[in-house]
Structures are given as structure tokens and as C-alpha cells.
Amino acid sequence: MSDSGVPSALVDAPQTGVSMNDGAKTDHDEQQAVYDIMKATGNEWATDIPDVCRGRWHGIECMPDKNNVFHVVSLSFGALSDDTAFPICDPTRSYISPSITKLPHIRTLFFYRCFTDKPQPIPSFLGQLGPSLQTLVLRENGHVGPIPIELGNLTSLRVLDFHKNNLNGSIPDSFSRFTGLKSLDLSSNKLTGSIPSLTFPELTILDLNQNHLTGSIPTSIGNCKSLMKIDLSRNRLLGQIPNSLNGLTGLILMDLSYNSLSGPIPPAINLESLQALILNGNPIGSTIPATTFDGLNNLMILILSDTDLHGPIPESISRLPNLLILHLDRNRLNGSIPTSFRNLNGLSELRLNDNELFGPIPFEKEMIWNMRRKLKFENNLGLCYDGRNGFGMIWVCYRIRVSIIATCRNRVRLKWCSMFPQQMKMNRFGLVRL
């Protein structure tokens with residue numbers, strides 16, 4: 001600390017004690033604060049270390065100032081994996097010590113599964129860490145109660161992660177002060193209310209899934225131009241997908257599943273980087289416009305199950321060159337499967353079951369063999385196969401699990417394959433023969 005009371009400027013990169021210069025020492029007040037913090041998590045052994053920045057445990061990082069005095073910049077607790085040797089908290093008696101506020105240079109604070117046996121609110125005094133803190137992770141700790149509005153004072157925050165706690169109440173409006181935020185994860189809590197207006201130009205990850213959030217998706221999300229992931233699934237959101245999301249040209253994943261979003265599906269989704277679009281479990285109740293997926297050349301996963309879609313399947317889906325997984329099941333889609341679907345050579349999973357489809361199944365034997373039980377057609381009006389594609393009627397019935405299937409030539413209807421269990425055998429090519 002300088003004479004003026006302002007934290008001294010730090011130099012170089014974070015260092016552990018092993019690389020400290022001879023004669024360098026940890027700031028005395030910060031050392032005492034670390035002792036308090038370690039004791040509060042059940043790690044009394046740290047009090048035997050005469051200089052914590054010279055200590056050799058993973059989970060503490062220090063940086064020197066121009067006077068060669070070392071300051072604590074990072075503290076981490078909890079075993080993420082066998083390879084991560086952060087100090088483990090005693091979940092029966094751990095708590096976050098107020099002495100954290102005596103670390104004026106702290107940039108990263110990480111607690112993982114530390115308070116599960118003794119649930120407690122997120123302490124409001126964390127807001128006193130002010131402009132120094134950049135990463136705050138309180139993950140799977142069992143925290144209860146609302147998110148303190150005082151956390152809005154952490155104006156330099158880059159990462160905020162409260163995943164899988166028991167937090168309730170609304171997302172504080174004070175979060176709007178996090179102008180440099182890059183990752184916001186409040187998933188798997190019990191948060192209520194609407195999603196506040198978001199204008200974070202550097203935000204890349206927005207994960208609010210598995211909460212009780214209501215209202216519409218704010219159009220302001222379209223101002224977060226750096227977004228790569230949006231997960232708002234399993235909430236109670238209403239209204240349409242805002243057109244403003246079309247401006248997120250770097251977006252890779254968008255999961256809005258299991259809400260109460262309504263249609264129509266936008267006529268164009270101009271997200272050239274998008275690889276996964278997941279909308280299942282919403283009462284969209286519209287047709288699929290022929291132009292919706294034009295230009296989504298990087299799309300790999302398209303999930304539209306159980307969205308009350310009706311009308312034909314657009315042929316434009318077959319022009320998605322990288323598509324791997326396509327789910328259109330449990331809708332009211334009608335008409336035939338586009339013959340151009342046979343060009344989806346990379347497809348590894350296709351669900352068209354529980355619709356009103358009829359007509360020929362356009363796939364060659366090799367494509368059906370590759371997908372096997374991940375290809376589902378059951379419970380449609382009248383799908384049939386073309387024997388000229390090189391497979392027999394019983395083989396098709398066994399492999400694609402169709403309840404009622406027919407040859408397109410004579411419309412002979414077959415019942416469920418289990419009526420022949422003793423007669424079906426596999427030959428060396430994987431085909432079924434009687």
C-alpha cells in the first residue's frame with residue numbers, strides 16, 4: 001500500500017513463492033488476512049507457513065509491487081479434478097471470511113463445493129473488493145438467498161459464475177455496471193423475474209439455464225456483439241425470439257429450449273457462425289419457412305422437437321453441409337421427406353417420429369446402417385420404402401424401428417417387427433434375414 005492509501009501498482013505476472021526474489025516478503029496485513037481465510041475454510045495448516053507468498057500450495061498467486069513487496073492476487077478453493085490441487089474446504093464448517101476485504105489487490109476468487117453442508121448467503125461484503133476483482137466464481141456451493149446488489153460495485157469484473165447454487169430473487173439491475181464482463185453464468189439456481197437489459201460489448205458466454213425467469217428475451221442481448229454462447233433453456237420465458245439476435249455474427253450455440261416461446265420461426269436466421277440451434281419444448285406453433293436456415297453453413301445441431309410445428313419439411317435443411325444431428329420429432333409436420341435429404345451424408349442422428357409424414361423414405365442402405373437406432377420414423381401416417389434402394393422389407397423394419405411400414409410399390413403393410421423375433425437373424429453384413 002502506498003502512503004496515499006491507494007494500492008501500489010503491481011509489476012510482472014502472478015508468481016508463487018518458488019520464484020520470489022531473495023528478500024521479498026508478503027505484505028503483513030495481507031498475510032494475516034490469508035491466515036483468517038484459510039482457517040475459515042478448515043485449512044489451519046496454512047498458519048504454519050511463515051510467508052504465504054513463499055508457500056508452495058496451488059491456489060494462491062502473488063505479484064510484487066515496485067518496492068518488491070508481494071501482494072495476494074488470487075485465491076482458489078475446491079477440488080475440481082484429481083489434477084487440480086486447490087485446498088479443499090471442510091463443508092461442515094466453512095464460510096467466507098470478511099478478511100477477504102483486506103486483500104486490496106485480489107483479482108480472482110474461486111470457491112467450489114465449499115459450503116454444501118452449511119448453506120449460507122453470498123456475503124454482501126464481497127462488493128467491497130471494488131475495482132480490483134476480475135473473476136468471482138462461487139460454483140456448486142449451496143448458496144441461498146438473493147444475489148447481493150452490492151456486487152454491482154465490482155466494476156472490473158470479467159467472469160461471474162454462480163452455477164448450481166440455490167439462489168433466489170431477481171438478477172440485480174446493478175449488474176449493468178459490469179461493462180467489461182466476458183462470462184456470466186447464473187445457471188441451475190432458482191432466480192425469478194425478468195432478464196435485465198444487457199449491454200455488455202465483451203460478453204462471450206451468457207448462461208441462465210434452469211432458473212424460473214419470466215418475461216420476454218430482452219432485445220438488448222443483440223447489443224452483446226461478442227456473444228458465442230446463449231443458454232436460456234428451462235425457464236419460463238414468453239414471446240418471440242427477438243430479431244436483434246441476428247446481429248450476433250460470432251454466436252456458436254443458442255439454446256432456448258423448454259420455455260414458452262411462441263412463433264413464428266423467423267424467416268431468416270443470419271448467424272453465420274452458429275453450430276447448434278436448440279429450440280425444443282416451446283409452443284412455437286408455426287411452419288418452418290423455406291429460407292430460415294439459408295446461410296447457416298456451419299450448423300451441426302438443429303433441435304426442433306415438440307414445438308407444435310406444422311406444414312412440410314423445407315428442402316433447404318438438406319443444404320446444411322455440416323449437419324450432424326436433426327430432431328424434428330413430436331410435431332405435426334406433414335407431406336413427404338424431401339428426397340434431397342439423401343444428400344445429408346454426415347448425418348449421424350435423425351428423428352422424424354410422431355409426425356404426419358407419408359411417402360417414400362429417401363435414404364440409401366448405407367445411411368440407414370450408419371445411423372441405426374438413432375434414426376427414428378415411428379408413428380407417422382404412411383411412410384414407405386423403395387425396395388430398389390437395396391434393402392429388404394424386414395431389414396428396414398428392424399433397423400429403423402417403424403411401427404407400420406410398407407413397400408412403395410404395393411403398399412403392403414407390416415406390423416411391428418417383434419412379431420417375428422424367432423425368425424430374424426443377422427448375417428455377416430449386418431442384414432436381417434428370415
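Is Arg 234 buried, partly exposed or exposed? In this predicted model, Arg 234 counts as partly exposed because its relative accessibility is 45%, which falls between the 20% and 50% cut-offs. Arg 234 sits in the loop between strand 12 (229-231) and strand 13 (238-239). The backbone here is a bit unusual to look at: phi of Arg 234 is near 55 degrees, a positive value in a residue other than glycine.

Arg 234 also turns up in the surroundings of Ser 257. Setting aside neighbours within four places in sequence, Ser 257 is in contact with Ser 233, Arg 234, Ile 278, Leu 279, Asn 280 and Asn 282. Ser 257 belongs to the loop between strand 14 (253-255) and strand 15 (260-261). With a relative accessibility of just 4%, Ser 257 counts as buried, whereas its contact partner Arg 234 is partly exposed.

Now for the chain as a whole. The protein chain has 434 residues, and buried ones make up 52% of them. Its secondary structure comes to three helices and 28 strands. Among contacts with a separation of 6 or more, 53% are between residues 24 or more positions apart. The accessible surface is about 19400 Å², and carbon and sulfur atoms own 50% of that.

Toward the start of the chain, helix 1 (28-40) carries Ile 37. Ile 37 counts as buried because its relative accessibility is 2%, under the 20% cut-off. Beyond four places in sequence, Ile 37 touches Leu 75, Phe 77, Ser 97, Ser 99, Ile 100 and Leu 103. Between Ile 37 and Ser 94 there are 57 positions along the sequence, with their C-alpha atoms 9.6 Å apart in space.

Asn 43 follows in the loop that runs from helix 1 to strand 2 (60-64). Asn 43 is a loop residue, yet it counts as buried, at 5% relative accessibility. Leaving out residues up to four places away, the contacts of Asn 43 are Met 38, Phe 77, Pro 87 and Ile 88. Phe 77 thus appears on the contact list of Asn 43 and on that of Ile 37. As for Pro 87, its C-alpha atom is 7.3 Å from that of Asn 43, although 44 residues separate the two along the chain.

Further along comes an open sheet of three strands, in the order 6-8-10 and with parallel pairing. Strands 6 and 10 are the edge strands, each pairing on one side only. Strand 6 (residues 144-146) is joined to strand 8 (residues 166-169) by three bridges, and one residue pair to look for is Pro 146 with its bridge partner Asn 168. On the other pairing, strand 8 and strand 10 (residues 190-191) share two bridges, also in the parallel sense. Here Gly 169 stands opposite Leu 191. In general, the strands of a sheet pair through backbone hydrogen bonds, either parallel or antiparallel.

Leading into strand 10 is the loop from strand 9 (183-185), and Ser 188 lies in it. Ser 188 has a positive phi of about 60 degrees without being a glycine. Ser 188 counts as buried, at 16% relative accessibility. Another backbone detail shows up between Gly 263 and Pro 264, where the peptide bond is cis, with omega near 5 degrees. Pro 264 is in the loop between strand 15 and strand 16 (276-278).

What about empty space inside? The structure holds two cavities of 30 Å³ or more. The largest cavity has about 80 Å³ of space. Its lining consists of Ile 241, Pro 242, Asn 243, Leu 245, Asn 246, Met 254, Pro 266, Ala 268, Ile 269, Leu 271, Leu 277 and Leu 279. By class, that is 10 nonpolar residues, two polar and no charged. Leu 279, one of these lining residues, is also among the contacts of Ser 257.

The second largest cavity has a volume of about 30 Å³. Around it are Ile 171, Leu 184, Ile 195, Pro 196, Leu 198, Leu 206 and Leu 208. This lining has seven nonpolar residues, with no polar and no charged ones.

Definitions and conventions. Residues are numbered from 1 along each chain as its sequence is written. This is a predicted model: local features need pLDDT of at least 70, side-chain atom pairs count only at pLDDT 80 or more; totals for chains, interfaces and linings use all residues. Side-chain values use heavy atoms; hydrogens and water are left out. Helices (H or I, at least four residues) and strands (E, at least two) are DSSP runs, numbered from the N terminus. Buried means under 20% relative accessible area, exposed over 50%, partly exposed in between (1.4 Å probe, protein chains only). Contact means heavy atoms within 4.5 Å. Accessible areas come from the Shrake-Rupley method with a 1.4 Å probe; for residues, only the protein chains shown count as cover. On a 1 Å grid over the protein atoms alone, a cavity is a set of points where a 1.4 Å probe fits but cannot get out, and a pocket is an open set with protein on both sides within 12 Å along at least five of seven lines; lining residues have an atom within 4 Å of a point. Grid points are joined across faces, edges and corners, and a volume is the space filled by probe spheres set on the points. Ala, Val, Leu, Ile, Met, Phe, Trp, Tyr, Cys and Pro count as nonpolar, Asp, Glu, Lys and Arg as charged, and the others, Gly among them, as polar. Two strands pair if DSSP finds at least two bridges between them.
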